[in-house]
Amino acid sequence: MNAVRSGRIVLGTLTLAGAFACGGEGARVSRAIGKIGVAIDTSSGVRNAFIVVTGLSTDELKTTRAFYKDADNARWNALVRVAVDGSNETPILGKYVANDSAVLFVPQYPFDAGRKYAVHVDVTAMAFTRPDTIADVIVELPAGNQQAKTAVLRMLPSGDVFPENLLRLYIEFSAPMQRTSGLEFIKLLDDNGREVKAAFLPLDADFWNQERTRYTAFLDPGRVKLGILPNEQMGRALIPGRKYSIVIDSTWRDENGVPLAHTFRREFRVSAAEVRRIDYKQWKLSAPKIGSRDTLVVTFERPLDNGLLKRALGVQLKSGTQVAGSTTIARDEAEWRFVPDQPWSAGDHNLVIFSILEDAAGNRIDGAFEVDMFNEIDKAGKQERYLLAFTIR
């Protein structure tokens, strides 16, 4: 395993020296050839670490700059591929630069401390003639000896009863986590303590918020939705009337490479499937008083999706002008509260409801998750948003 590089290599400006002809200088013998070396450079700080590939001669680097002018990652991967070790060699995203002394790889997102990365270098992609043509090296940022402090704050939905056709879970942390998939650390256990296999949707993409403090795990919709093959073969992961637990292993590491402070466990019961579309006309609004900054309270006919509630509701004047304010979600996602930045003005207002809003089972205002669109035609069409009027007096 390579040690972390202590020296500093400046990225500098990428200069290009003419076009590369495949039948010409790409096959020539390069001068001043060294042994291929791979290291991770932390001289600008751990969060700014990048991969350095050395050993290429001046001529080889000049040819590389010309050949890879304006090239995308897919072409660069043939020469230098960086992947999370053990991840089926799927390359991670980043920027490649060939300067006068090395080829550099700067990841799109910072490398995770304590995680190993596999670097594969294959100069045969450039038809260079040299003693060594391929190098495989494992590099990593040390996790350090910091005390475990990061913990799971909560899991959503926040109620004690989930519908059997639940679609997603949100897991919130007290500090930023590594940008890795969390499925290897999340288990669904039945009331006998047995793990429910294939409960979650395996995704290449990792659904983190921008701060990496909130992770979304999706129950496999193929098992949730009736009438399709995974559901017919395995059934739903959740069975009404039974109890289950979500267990989050403490080996999940935060952005500093340190494991969680403790394992998280949350128990819940399962109710029958929720198959109704959202009926916003049944919502109740408690209109505040004129001139006050009292809270507008909206009570739903059933709990809705926490993540979507944060961006699917708003308030505006009848003229369409947005009313600025702050929001909170209460009563196990069955209530939305809005406090205006300025006192309420008299007159008609609207609660704006965007059509992306869903409940925990994926039902929307414009249709239920289980609706067969070939058999049911909504003649009214779908809207981008809906308005629920209220008056300030």
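Let me begin with the surface: the accessible surface of this protein comes to about 20,100 Å², and 50% of that area belongs to carbon and sulfur atoms. Please keep in mind throughout that what we are looking at is a predicted model. Of the 393 residues in the protein, buried ones make up 45%, and the secondary structure comes to five helices and 22 strands. If we take the contacts with a separation of 6 or more, residues 24 or more positions apart account for 68% of them.

I would like to go first to helix 1 and its surroundings. Helix 1, residues 58-67, has seven buried residues out of its ten, so it is largely enclosed by the rest of the structure. The buried ones are Asp-59, Glu-60, Leu-61, Thr-63, Thr-64, Arg-65 and Ala-66, a list you may want to follow on the screen. What do these residues of helix 1 pack against? Their partners are helix 2, strand 5 (94-98) and strand 6 (103-107).

In this part of the protein there is also a group of aromatic rings, in which ring pairs link Phe-67, Tyr-68, Trp-76, Tyr-96 and Phe-105 into a cluster. Phe-67 has a further partner in Arg-75, which lies over the face of the Phe-67 ring at 4.9 Å from the ring centre. Between helix 1 and helix 2, which covers residues 73-76, there is a loop, and Asp-70 lies in that loop. Asp-70 deserves a look at its backbone, since it has a positive phi of about 60° although it is not a glycine. With a relative accessibility of 73%, Asp-70 counts as exposed.

There is another residue of this kind, Ala-198, where phi is near 55°, again a positive value in a residue other than glycine. Ala-198 is also a loop residue, placed between strand 12 (186-189) and strand 13 (214-218), and at 45% relative accessibility it counts as partly exposed.

Let me turn now to the aromatic pairs, of which a search of the whole structure finds 20. One of them is formed by Phe-162 and Phe-268, and this pair is stacked, with 4.4 Å from centre to centre and 25° between the planes. Phe-162 belongs to strand 10 (residues 161-163) and Phe-268 to strand 15 (residues 264-271), so the pair ties together parts that are 106 residues apart in sequence. Both Phe-162 and Phe-268 are buried. Tyr-280 and Trp-283 form another aromatic pair, this one edge-to-face, with 6.5 Å between the centres and 80° between the planes. Tyr-280 is buried, and Trp-283 is buried as well. Elsewhere, a charge sits over a ring: the charged end of Lys-225 is placed over the ring of Phe-369, 4.9 Å from its centre.

The next residue is Glu-172, which we find in strand 11 (residues 168-173). Is Glu-172 buried or exposed? Its relative accessible area is 13%, and because the cut-off for a buried residue is under 20%, Glu-172 counts as buried. As for a polar partner, the side chain of Glu-172 makes a polar contact with the side chain of Arg-154, at 2.8 Å. If we leave aside neighbours within four places in sequence, Glu-172 is in contact with Ala-151, Val-152, Leu-153, Arg-154, Leu-156, Thr-213 and Arg-214.

Leu-156 in that list brings me to a backbone feature, namely that the peptide bond from Leu-156 to Pro-157 is cis, with omega near 10°. Pro-157 lies in the loop between strand 9, residues 152-156, and strand 10, and strand 10 is the one that holds Phe-162 from the stacked pair.

Finally, a word about strand pairing. Strand 16 (residues 284-286) and strand 17 (residues 296-299) run antiparallel and are joined by three bridges, and within this pairing Ser-286 stands opposite Val-297 of strand 17. Strand 17 also pairs with strand 20 (residues 335-340), in the antiparallel sense and over four bridges. Which residue of strand 20 is the bridge partner of Val-298? That partner is Trp-336. Strand 17 is therefore a good place to stop, as it pairs both with strand 16 and with strand 20.

Note on methods: Residues are numbered from 1 along each chain as its sequence is written. This is a predicted model: local features need pLDDT of at least 70, side-chain atom pairs count only at pLDDT 80 or more; totals for chains, interfaces and linings use all residues. Side-chain values use heavy atoms; hydrogens and water are left out. Rings of Phe, Tyr and Trp (its six-membered ring) pair if their centres lie within 6.5 Å; planes under 30 degrees apart count as stacked, over 60 as edge-to-face and the rest as tilted. Helices (H or I, at least four residues) and strands (E, at least two) are DSSP runs, numbered from the N terminus. Buried means under 20% relative accessible area, exposed over 50%, partly exposed in between (1.4 Å probe, protein chains only). A charge sits over a ring if NZ of Lys or CZ of Arg is within 6 Å of the ring centre and within 35 degrees of the ring normal. A polar contact is a pair of N or O atoms within 3.5 Å; within protein, one must be able to donate a hydrogen and the other to accept it, and residues adjacent in sequence count only if both atoms are side-chain atoms. Contact means heavy atoms within 4.5 Å. Two strands pair if DSSP finds at least two bridges between them. Accessible areas come from the Shrake-Rupley method with a 1.4 Å probe; for residues, only the protein chains shown count as cover.
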